Amino acid sequence: MKILRTQSRTAAVRLLVGVATVALWTSGCSSSVPGEASPASDDRPGASASPSPSRSSGRPAAGTCQIKVSSNGSIVSRGAGGRTITTNGRTSFSCGRGPLIAIESIDSSGVTFSADGATVPVAPGGTETVGAYRITVSSADSGGAEFQVEPA
């Protein structure tokens, strides 16, 4: 009886490992970032034309993504959601339902992005149009970068 119980437990563990392995293989290195809802931006005359992160709630303004990337490949996105894909060590992301942008390099001079066949460097404190987005880099060094992405 003890042997039957041990075999049953072993079979259950093997089944669980098999299901987990298949789930990992089918998911690949792609993930969806669900994001979180944010209040609509201010439409009053004289209000800032480009949304900025909400100071009181810590959430990005509506339609934007706040992204933090580490040099070890970790990427965290808050806001409008999107996708993150890492293939052969190259990370690409999107904000909302927009197209993917690749991160080419990160160092103390800023972050270099590529979209639509063009590379665009963005220095810390700078804002540039990259493909379908406006990207503002708040900080960048050899350890990673933080930036805000919004539709152009």
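Buried means under 20% relative accessible area, and exposed means over 50%. The model used in these exercises is predicted.

**Exercise 1. The aromatic cluster**

Task: Find which residues form one aromatic cluster, and describe the pairs that link them.

Solution.

Step 1. Count the pairs. There are three aromatic pairs.

Step 2. Take Phe93 and Phe113. Their rings are 6.3 Å apart, centre to centre, with 75° between the planes. Edge-to-face needs over 60 degrees, so this pair is edge-to-face.

Step 3. Place that pair on the chain. Phe93 sits in strand E5 and Phe113 in strand E7. They are 20 residues apart, so the pair links distant parts of the chain.

Step 4. Check burial. Phe93 has 1% relative accessibility and counts as buried. Phe113 has a relative accessible area of 0%, so Phe113 is buried too.

Step 5. Move to Phe113 and Phe147. This pair is also edge-to-face, at 5.1 Å centre to centre and 80° between the planes. Phe113 in strand E7 and Phe147 in strand E11 are 34 residues apart. Both Phe113 and Phe147 are buried.

Step 6. Join the pairs. Phe113 appears in the pair with Phe93 and in the pair with Phe147. The result is one aromatic cluster of Phe93, Phe113 and Phe147.

**Exercise 2. The largest nonpolar core**

Task: State how many residues the largest nonpolar core has, and which have the most contacts inside it.

Solution.

Step 1. Size the core. It has 20 residues.

Step 2. List the residues with the most contacts inside it. They are Phe93, Ile101, Phe113, Ile135, Val137, Phe147 and Val149.

Step 3. Assign the strands. At least two residues come from each of E2, E6, E7 (110–115), E8 (118–122), E10 (133–141) and E11 (144–151). E10 gives the most, with four residues.

Step 4. Compare with Exercise 1. The cluster members Phe93, Phe113 and Phe147 are among the core residues with the most contacts.

**Exercise 3. The second largest pocket**

Task: Describe the second largest pocket by volume and lining.

Solution.

Step 1. Give the volume. It is about 190 Å³.

Step 2. Give the lining. There are 13 lining residues. Val69, Gly89, Thr91, Ile103 and Ile106 lie nearest the centre.

Step 3. Trace the lining to strands. E2 (65–70), E5 and E6 each give two or more residues. E6 gives the most, with four.

Step 4. Sort by class. The lining has three nonpolar, eight polar and two charged residues.

**Exercise 4. Ser94 and Pro151**

Task: Decide whether Ser94 is buried or exposed, then do the same for Pro151.

Solution.

Step 1. Locate Ser94. It lies in the loop between strand E5 (90–93) and strand E6 (101–107).

Step 2. Apply the cut-off to Ser94. Its relative accessible area is 2%, so Ser94 is buried.

Step 3. Find the contacts of Ser94. Leaving out residues up to four places away in sequence, Ser94 touches Gly81, Gly82, Arg83, Pro99, Leu100 and Tyr133.

Step 4. Locate Pro151. It is in strand E11.

Step 5. Apply the cut-off to Pro151. Its relative accessibility is 53%, so Pro151 is exposed.

Step 6. Find the contacts of Pro151. Beyond four places in sequence, Pro151 is in contact with Gly63, Ala132, Tyr133 and Arg134. Arg134 is 17 residues away along the chain, and the C-alpha atoms of Pro151 and Arg134 are separated by 6.0 Å.

Step 7. Compare the contact lists. Tyr133 touches Ser94, and Tyr133 is in contact with Pro151 as well.

Terms used:
Residues are numbered from 1 along each chain as its sequence is written. This is a predicted model: local features need pLDDT of at least 70, side-chain atom pairs count only at pLDDT 80 or more; totals for chains, interfaces and linings use all residues. Side-chain values use heavy atoms; hydrogens and water are left out. Buried means under 20% relative accessible area, exposed over 50%, partly exposed in between (1.4 Å probe, protein chains only). Contact means heavy atoms within 4.5 Å. On a 1 Å grid over the protein atoms alone, a cavity is a set of points where a 1.4 Å probe fits but cannot get out, and a pocket is an open set with protein on both sides within 12 Å along at least five of seven lines; lining residues have an atom within 4 Å of a point. Grid points are joined across faces, edges and corners, and a volume is the space filled by probe spheres set on the points. Ala, Val, Leu, Ile, Met, Phe, Trp, Tyr, Cys and Pro count as nonpolar, Asp, Glu, Lys and Arg as charged, and the others, Gly among them, as polar. A nonpolar core is a set of buried Ala, Val, Leu, Ile, Met, Phe, Trp, Tyr and Cys residues joined through side-chain atoms within 4.5 Å. Rings of Phe, Tyr and Trp (its six-membered ring) pair if their centres lie within 6.5 Å; planes under 30 degrees apart count as stacked, over 60 as edge-to-face and the rest as tilted.
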